[in-house]
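Please look over the sequence and the model below before reading on. The briefing after it is written for someone new to this structure.

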Amino acid sequence: MGLSRPQKPPSGVPTRWVSLFCIVSFFLGVLVVNRFWDPVEVEEEASSAQKHRRNEVHPMVICDKDVSVRTGNILSRVSQTRDVINTLEKTISSLERQLAAARAAKADTEEGSPMVTKSGTKDLNESRRVFFVMGIIMALRNRKRRNSIRETWMPQGEELKRLEKEKGIIIRFVIGHSSTPGGALDRAINAEEEQHKDFLHLVCSHFQSGPDLEIQNLRRIECFVWQNHIEGYHELSTKTQVYFFAVVAKWDADFYLKVDDDVHVNLGVVSSTLARHRHEPHVYIGCMKSGPVVAQKGIKYREPEYWKFGEGNKYFRHATGQIYAISKDLATYILVNRHILHRYANEDVSLGSWFIGLDVEHIDDRSLCCGTTPADCEWKAKSGNHCGASFDWSCSGICKSSVRMKEVHQRCGEGDQAIWDTSF
């Protein structure tokens, strides 16, 4: 007789209803998600977050590129600015020279001009640009030296005019005035000038008042300088400064040269040398030298201001005074600043000192300082390599030049036709 367990009635939710509820919830969830969630936006947000994380990890990559671009732009602008500055400097220099020339030309039209040349030559500054102006610095009494040059390497008469017209080369003997103006020496000079018409006579006659106060003041200052210049060895620094002032105001040239009256010059060689540097604005050409400063009294080259050259007691590098050339910009600098440029006892030292601190290219050309011995200028002439200038170092020029200039010209000269065959 077995006993049976009693049956309990079923309780809770039936299984089929649970399954149905799950299915309905799934579809309801899909519907809600499709309506409110845009997968494209989510992808963009994810991509943005990923980029942000990369920027945090490698922040300098983009920065480096930006800095590189900005640096390139800055360097480009700096280069452009430098070009503009260089152009402005050249323009200013040209305007300063033109202003000085205009003032001098205006003063020259009135009585009392500080520049009087009795050669009868019209100011070329008003007509055309010339190649170079060569001033042969000499004393009034050295007529024999002048004649020795006229008879050798310097063209005369119509040939001198042709040289100016065809080659743009101006050559003049540069003289000041005597300590007794109007005396026998000055009368002899006037007669010589009338005959040869190859002088640049640095004199200053009396001036009268005019309507332009600026021109009056300019002329007074210039006349003060010129009237206080009297011929003499120890006045060469002043004469050189006045010479550059005069020629820059009178002629518009690429170069201005100073030559001593006891130096032999081959014009063709000098012209070719200058032509190589024609497009360089700040050149100073000559035989560059340096040496001890002479402090002892009674010596020809004594420098009273020797103490200014320091403990080393040596001069700075400068061109020897027998012959040198400077470009137009440097000559204009002397003209514009002539009132504040210091003059030492030796004129070549003075000129070199004026260019210290400036952006000047020193050209050391040894062909401008050959000796007159057969082993030097003569041997070079025979080999076809003529010197530009020759002299004797022992005499600071050709020894007894008024006698020996012709002999040196025969041995070392390039030939009278050389200057006409030279193209530049």
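What follows covers the sheet, the helices on it and the nonpolar cores.

This is a predicted model, in which local features need pLDDT of at least 70 and side-chain atom pairs count only at pLDDT 80 or more, while totals for chains, interfaces and linings use all residues. Residues are numbered from 1 along each chain as its sequence is written, and side-chain values use heavy atoms, with hydrogens and water left out.

**Sheet**
- Seven strands (DSSP runs of E, at least two residues, numbered from the N terminus) form an open sheet of mixed pairing in the order 3-2-1-4-7-6-8, where pairing requires at least two DSSP bridges between two strands.
- Strand 3 (199–201) and strand 8 (361–364) are the edge strands, each pairing on one side only.
- Strand 6 (residues 283–289) runs parallel to strand 8 and is joined to it by four bridges, and Tyr284 has His362 of strand 8 as its bridge partner.

**Helices on the sheet**
- Helix 11 (residues 347–354; helices are DSSP runs of H or I, at least four residues) packs on the sheet and touches strand 4, strand 6 and strand 7, contact meaning heavy atoms within 4.5 Å.
- Helix 8 (residues 236–250) lies across strand 1 (130–137), strand 2 (169–175), strand 3, strand 4 (253–260) and strand 7 (318–327).

**Nonpolar cores**
- The largest nonpolar core (buried Ala, Val, Leu, Ile, Met, Phe, Trp, Tyr and Cys residues joined through side-chain atoms within 4.5 Å, buried being under 20% relative accessible area with a 1.4 Å probe, protein chains only) has 44 residues, of which Met134, Trp153, Ile171, Val265 and Leu274 touch the most other members.
- Apart from that core lies another, of 32 residues, including Val242 and Phe245.

Methods: Axes are lines fitted to C-alpha atoms, for helices over the stretch in contact, and angles run from 0 to 180 degrees between N-to-C directions. Buried means under 20% relative accessible area, exposed over 50%, partly exposed in between (1.4 Å probe, protein chains only).
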